[in-house]
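Reader: I am in my first year and would like a close look at a single part of this protein, the place where the ligand sits. Could you then go on from there to the surroundings, slowly and with each term explained?

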Amino acid sequence: MSNKRVYTFGNGKAEGRSDMKNLLGGKGANLAEMNLIGVPVPAGFTITTDTCTEYNEMGREKMVGLLRSEVKEAMKKVEATMNMEFGSKDNPLLVSVRSGARVSMPGMMDTVLNLGMNDESVLAIAKKAGNDRFAWDSYRRFVQMYGDVVLGMKPESKEDIDPFEQIMDEVKEAKGVENDTDLDVDDLKDLVVKFKAAVKKVTGHDFPVDPWEQLWGAVAAVFDSWMNPRAIYYRQINQIPAEWGTAVNVQAMVFGNMGDNSGTGVAFTRDAATGENIFNGEYLINAQGEDVVAGVRTPQQITKEGSLRWAKLAKVSEEDRATKFPSLEEAMPLAYAELFDVQEKLENYFKDMQDLEFTIQDGKLWMLQTRNGKRTAAAMVKIAMDMLREGMIDEKTAVLRQEPNKLDELLHPVFDMDAMVKANVLATGLPASPGAATGQLVFHADEAGKFPVTILARIETSPEDLEGMDIARGILTARGGMTSHAAVVARGMGKCCVSGAGECKIDAKARTLAAGGMTFKEGDWISLNGSTGDIYEGKIATKDPELSGDFGEIMELADKFRKIDVRTNAETERDAKVAREFGAQGIGLCRTEHMFFEGERLVRMREMILSDDEAGRRIALDKLLPIQRQDFKDVLNTMIGFPVTIRLLDPPLHEFVPHEKENQESMAKEMGVSVDVIKKKVEDLHEFNPMLGHRGCRLGNTYPEITEMQARAILEAALELKAEGKPTFPEIMIPLVGTVKELKMQEKIVRDIADQVFKEKGDKVDYMVGTMIEIPRAALTADEIAEVAQFFSFGTNDLTQMTFGYSRDDAGKFLPVYLKQGILKNDPFQVLDQEGVGQLVHTGIERGRKTNPILKVGICGEHGGEPSSVEFCVKAGMNYVSCSPFRVPIARLAAAQASLR
Ligand code: PEP
Ligand code: MG
């Protein structure tokens, strides 16, 4: 830790630089840099982020002791630059005190403006500015802000009344005016007296008059705001460590509220929504910083062009626009011209779109902040590609500037922003599959086509629901986690899904959904945001994705730097085709069970399950063979020239039989048996822990005929395609292996069948046999397993389930609490737990390659499409990652970034 705690800037000099963000925070570092490149910035100093950490440990008094002499020295420099004196009666310097962390946390922490005001300095300021109203307006703002931020006058909840707001309302009402700009000097003086009395009443203390006492109070309050609940929450969801701390920026005040030749605003060097290279922003005449964001007055546009566009949208006449809401370009042309030059300079210097804050004091421009602006996914892509074409950045930078997860926004429908204004959130579930969907409620899968666009609401989905899920626009389930049936299937389909929404009471029989204190019937409209998990009342307009040219170009660039392959998890021709369009280089996981979930296949599957002996099972399997062969042929055909990993049957058999009475009856009819037979079979299949039960290779080893049929179907399909001149590379994958012997038995069955099939057909295809690594024991004994397996595919869904001991299907009950309490940093089913599960992955790869140096390794758990997990996989030395079709572009980008880093 450095001993220097305070860094000054001003007048073209600075002790800090923009690359010192860790120590000075983003704002402080850039204020320093702006000074160095000749941008007008009010003088000031930054107290380091390390001091925040010290403060948290030692408290206010000791911190002040440590800082006192450095801050006094720094203040002297500011005084010299500004030719004013902090605490002086005649020529008082006022300062702003603002937070500023390493990364921006907009609105999360506190700010105090006009600090240094008291009953004496207000008079001096009024005299110097020749403007009483301005001085008293600044004073009342200071007492209010300081009272709220430092003295704790701000009510905890939004429902409670802010005492200052209440006084303000009373004064305005007594005078019969609406706006605070309509108050005169006497009103403002009256407000100051009343505000101070309120402080005394609530806190029991007089409002502090000594500027130094005010300053230390504000510095401590900014440090404290690092630990306020909303900052803690923001850090949690953005994964910002608490140890970082915030810096404090103390800066000479410049005033945007000095009259009609003053103002304050925010601006962007490019359009943050579309990415267009258009300078834009908003400002207010005669106002201070917080007014623009607080929404007390309608902000005006910075450019004339923007102003004309705004007026058209807001239906404001040209006369009103030009007189009441003129652009900065029209109202203060000189300051605008300077601002235009500064924004150009800053963007060229930082080589990224900048988000600026400025104040104009009596016609003179001052910059208060510059930072890389937040932007939509569309803008992210366009700005990087434009800057690359403009020669401002290189290809690597363009790729590294992309946030992979954000691309999702571009691949799915989104809600129309204008329509969101009035949206009412009923409940929030898990963001199981991204995108926005609006539709009429249905409660049964076979009724999904009842209305033109539907939302299918189920307690949970089951295999029988597949067709209905496909028809519905969105899927909502009350139970189930991120890897539940609904979630996995929906992601595969690229369909919006909110799962595990426990607050929703779904009654399929009564066809009702109760949520947010309301009850919805079949046919009522609701909307889902699968990216956030929010469930909304009513119909909300959506917009389809637009895969513009820039998107394609950035993906091509990413591929140039990417070193590992990206495959997809898909089992239907349609999903596989979508994935190919998104650039998938093969299939990493074809879950064959998903091919049995509907129509004739389900009937045959059930016939097999119902059989009491091998002979019966073989009869049913013989009927399944041609169906499977065709399915495999269709899937393989979408990936000609690419490898396709087909996994043999994995789930417990009870997933294929109906559990509801109605469905059991119809199944009995279908099969020509009594309901009791079905009931009995379903009971027999019951397991206490089906996820740890009779599934995976345990099925294939107890019913080898299933493996035989599937192996035959795969190889016959490959041979048929070969005969058509289409080369395929099937990789047959054995699931849920824990011991090498389990794998060996399955491998033998597959190889024997292959020999038979090749003999029968008089031709061969290349194929491989490998396994999933999804049981911890398999990872630990990977050296033995790799003597048999030609490839490993890490099934990190099950591996996470079994390493943590968290049920994939029930974790929704406690994970939200764990995340909130910080017991877990992330949902381990979404973000690979590198510390724990990651060790098993490393061990598995290392031991596997020890006995089989050419072992091919990939991942097919949901983590294969999550950027930080993809980066882990690249570093761990995998050959490929595999993910659902709509995450393929994200994985391509994340893999490229991992290679570049
Ligand atoms: C896994 O366990 O990670 C996996 C991909 O298999 P499934 O999700 O089908 O169990
Ligand atoms: Mg698995």
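Author: What follows begins with the ligand, goes on to the nonpolar core, and ends with single residues in loops and a strand.

This is a predicted model, in which local features need pLDDT of at least 70 and side-chain atom pairs count only at pLDDT 80 or more, while totals for chains, interfaces and linings use all residues. Residues are numbered from 1 along each chain as its sequence is written, chains are lettered from A and ligands numbered from 1 in the order in which they are written, and side-chain values use heavy atoms, with hydrogens and water left out.

Around ligand 1 there are 14 residues, of which Arg 591, Arg 647, Gly 795, Asn 797 and Arg 808 come nearest; a residue is near a molecule or strand if one of its heavy atoms lies within 4 Å of it. Two of these arginines reach the ligand with their side chains: a polar side-chain atom of Arg 591 lies 2.8 Å from an oxygen atom of ligand 1, and a polar side-chain atom of Arg 808 also lies 2.8 Å from an oxygen atom of ligand 1. Asn 797 takes part through its backbone, with an N or O atom 2.7 Å from an oxygen atom of ligand 1. Such pairs are polar contacts, meaning N or O atoms within 3.5 Å of each other; within protein, one must be able to donate a hydrogen and the other to accept it, and residues adjacent in sequence count only if both atoms are side-chain atoms. Of the 280 Å² of accessible area that ligand 1 has on its own, the protein covers 96%, with areas taken from the Shrake-Rupley method with a 1.4 Å probe and, for residues, only the protein chains shown counted as cover.

The shell can also be described by its elements and its chemistry. Strand β26 (587-591) and helix α32 (796-804) each supply at least two residues of the shell around ligand 1, and α32 gives the most, with three residues. Helices (H or I, at least four residues) and strands (E, at least two) are DSSP runs, numbered from the N terminus. By class, the shell has three nonpolar, four polar and seven charged residues, where Ala, Val, Leu, Ile, Met, Phe, Trp, Tyr, Cys and Pro count as nonpolar, Asp, Glu, Lys and Arg as charged, and the others, Gly among them, as polar.

From the ligand we turn to the nonpolar core. In soluble globular proteins, nonpolar side chains tend to be buried together. Here the largest nonpolar core has 137 residues, and those with the most contacts inside it are Leu 407, Met 605, Phe 656, Ile 785, Phe 792 and Phe 794. Its largest share, ten residues, comes from helix α28 (residues 704-723), and the core draws at least three residues from each of domain 3 (413-543) and domain 4 (562-591 + 638-649 + 707-900), whose bounds come from an automatic or database domain assignment. A nonpolar core is a set of buried Ala, Val, Leu, Ile, Met, Phe, Trp, Tyr and Cys residues joined through side-chain atoms within 4.5 Å, and buried means under 20% relative accessible area, exposed over 50%, and partly exposed in between (1.4 Å probe, protein chains only).

Single residues can be placed in the same terms. Ser 611, in the loop between α23 (599-610) and α24 (614-638), is buried, with a relative accessible area of 14%, and its side chain reaches the backbone oxygen of Gly 616 at 3.4 Å. Arg 695, in the loop between α26 (675-685) and α27 (697-702), is buried because its relative accessible area is 2%; Arg 695 and Pro 652 are 43 residues apart in sequence and 4.6 Å apart in space, C-alpha to C-alpha. Met 367 lies in strand β11 (residues 364-372) and is buried, with a relative accessible area of 0%.

Two further loop residues have a positive phi although neither is glycine. For Asn 11, in the loop between β1 (6-10) and β2 (13-14), phi is near 60°, a positive value in a residue other than glycine, and at 58% relative accessibility Asn 11 counts as exposed. For Arg 511, in the loop between β19 (505-507) and β20 (512-515), phi is near 55°, again positive in a residue other than glycine, and Arg 511 is partly exposed, with a relative accessible area of 27%.
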